[in-house]
Amino acid sequence: MLENGRINTRQLTILVLLTLVGDMALVYPEIMCYIAKQDAWIAAVVSIPLGTALIWLLLKLYCLHPGLTLIESVQTILGKWAGGAVALFYLQYFIIAGCIYIREIEDFTGTQIYERTPGSVIRFMVLFLVVCGVYLGLEVIGRSAEVFLPMFIFFLVGLLVLLLPQAHWDRLLPMMDTPVPTLLEAVKFGVFYPFGEVLIILMIYPYARVQKHTNRDILFGVILGALGLNLIVLLSATVLGVYLTEQHFFAAYVLAQKINIGEFLQRIEALMGFAWFISTYFKTLLYFYGFTLGTAQLFRLHSRRLLILPTGLLAFGLVELLSPDMIFYIKTIPPFWVSWNITLSLVIPLLLLGVNALKQSGKRNKQPQTQQ
């Protein structure tokens with residue numbers, strides 16, 4: 001057994017929520033407003049039921065072989081060679097995604113908070129925390145998420161409540177002025193950008209103490225996180241305006257700078273930054289955990305811990321290689337990233353469900369012949 005730790009349903013739900021929000025809390029408003037302008041909130045609302053259906057599809061995939069991770073399930077359904085190739089495809093996604101999240105933390109911290117700190121120093125500190133978390137295991141990750149969740153919710157809800165008085169709802173007009181193809185493009189981003197990245201839960205689900213309501217709780221956490229993201233999009237459009245939102249890389253952080261209650265409560269954007277760091281850290285943690293665990297399972301290793309330090313060293317250089325600057329991963333990467341998410345979270349799961357159904361049908365057809 002490569003992982004002896006266990007998490008309960010509550011911890012699994014919290015990790016799902018933090019994964020969904022993750023880095024999206026800062027970059028999601030800019031992307032949605034850039035595509036759909038003042039109708040970004042409409043596209044975000046439409047994305048909720050479609051994104052929830054996508055998570056339901058991933059849960060159905062897990063139910064085919066309960067107790068197996070995504071990497072193990074793929075090999076079970078497709079066989080050793082084809083399954084191994086698809087598993088490598090997923091592992092590549094896990095390590096690249098984890099490195100992109102670290103790059104986001106590095107650029108955000110280096111440009112907004114510690115402006116004179118070298119990016120490599122910030123990257124090293126974040127990777128050190130990630131390596132420690134992955135080494136301690138899933139049980140510690142789950143318990144830590146429980147501890148940090150109240151702070152995350154407090155900061156996020158506080159941001160939303162304190163900004164409501166500054167909302168100018170006329171900035172959402174004219175409504176439904178965006179062409180339908182453009183609006184559908186925004187919906188595609190709204191579904192597969194945040195929701196598609198939740199597929200990492202299939203790497204930790206087998207180590208959860210499953211109850212009858214586990215899937216229901218997971219979907220509840222998904223909907224709760226999606227509502228939080230949509231409120232940030234709505235407030236970004238009504239407080240900053242669509243133009244300023246699509247021009248700022250970290251619109252939600254700029255949004256927090258607008259808080260000013262009686263010239264007393266102000267300059268609390270660091271709290272928003274801390275809340276974003278919490279969610280992004282746990283999302284990064286799960287992706288690195290999924291990569292080390294999946295690699296150990298694919299190559300039949302006796303321990304995943306042997307891979308943790310080499311993965312950290314690999315990530316240190318890969319972060320710089322994948323994205324030379326902040327503009328690249330905010331303007332260039334998203335369209336291709338969404339296509340990647342569509343392939344990994346929708347196309348391949350549907351393929352796996354179809355292949356499994358054909359295999360089960362073949363087995364049922366053979367049984368009567370055997371009896372005769």
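**Exercise 1. Describe how helix 6 packs against helix 12 in this predicted model.**

Step 1. Take the geometry: the axes of helix 6 (residues 119-136) and helix 12 (residues 269-298) come within 9 Å, crossing at roughly 55 degrees.

Step 2. Classify the angle. Angles under 35 degrees count as roughly parallel and 65 to 115 as roughly perpendicular; helix 6 is therefore oblique to helix 12.

Step 3. Assign the hand: helix 6 passes helix 12 in a right-handed crossing.

Step 4. List the residues. Helix 6 contributes V126, L127, L129, V130, G133 and V134 to the contact, and helix 12 contributes F277, Y281, T284, L285, F288, Y289 and T292.

Step 5. Sort these residues of the contact between helix 6 and helix 12 by type: 10 are nonpolar, 3 are polar and none is charged.

**Exercise 2. Do the same for helix 4 and helix 5.**

Step 1. Helix 4 (residues 70-78) and helix 5 (residues 80-113) have axes 7 Å apart and pack at an angle of about 155 degrees.

Step 2. The cut-off for roughly antiparallel is over 145 degrees, so helix 4 and helix 5 are roughly antiparallel to each other.

Step 3. The crossing of helix 4 past helix 5 is right-handed.

Step 4. On helix 4 the contact uses L70, I71, V74, Q75 and L78; on helix 5 it uses K80, A82, G83, G84, V86, A87, Y90, L91 and F94.

Step 5. The contact of helix 4 with helix 5 has 10 nonpolar residues, 3 polar and 1 charged.

**Exercise 3. Which residues touch the most other members of the largest nonpolar core?**

Step 1. The largest nonpolar core has 136 residues, and Y90 and F94 touch the most other members.

Step 2. Follow Y90 outward. Beyond its neighbours within four places in sequence, Y90 contacts L70, I71, V74, L199, L344, I348 and P349.

Step 3. Compare with Exercise 2: L70, I71 and V74 are among the helix 4 residues in the contact with helix 5.

**Exercise 4. Is E30 buried or exposed, and what does E30 touch?**

Step 1. Locate E30: it lies in helix 2 (residues 24-36).

Step 2. The relative accessibility of E30 is 2%, so E30 counts as buried.

Step 3. Not counting residues up to four places away in sequence, E30 touches T245, E246, H248, F249, I330 and K331.

**Exercise 5. Place G22 and find its contacts.**

Step 1. G22 sits in the loop between helix 1 (9-21) and helix 2.

Step 2. With a relative accessible area of 0%, G22 is buried.

Step 3. G22 and T280 are 258 residues apart in sequence, yet 4.2 Å apart in space, C-alpha to C-alpha.

Step 4. Leaving out residues up to four places away in sequence, G22 touches W276, S279, T280 and K283.

Terms used
Residues numbered from 1 in each chain as written. Predicted model: local features only at pLDDT ≥ 70, side-chain atom pairs only at ≥ 80, totals over all residues. Heavy atoms only, no water. Axes fitted to C-alpha atoms, helices over the stretch in contact; angles between N-to-C directions. Helix = DSSP H or I, 4+ residues; strand = E, 2+ residues; numbered from the N terminus. Left-handed = near helix turned anticlockwise from the far one by under 90°. Contact = heavy atoms within 4.5 Å. Nonpolar A, V, L, I, M, F, W, Y, C, P; charged D, E, K, R; others polar. Core = buried A, V, L, I, M, F, W, Y, C linked by side-chain atoms within 4.5 Å. Buried < 20%, exposed > 50% of the residue type's maximum accessible area, 1.4 Å probe, protein only.
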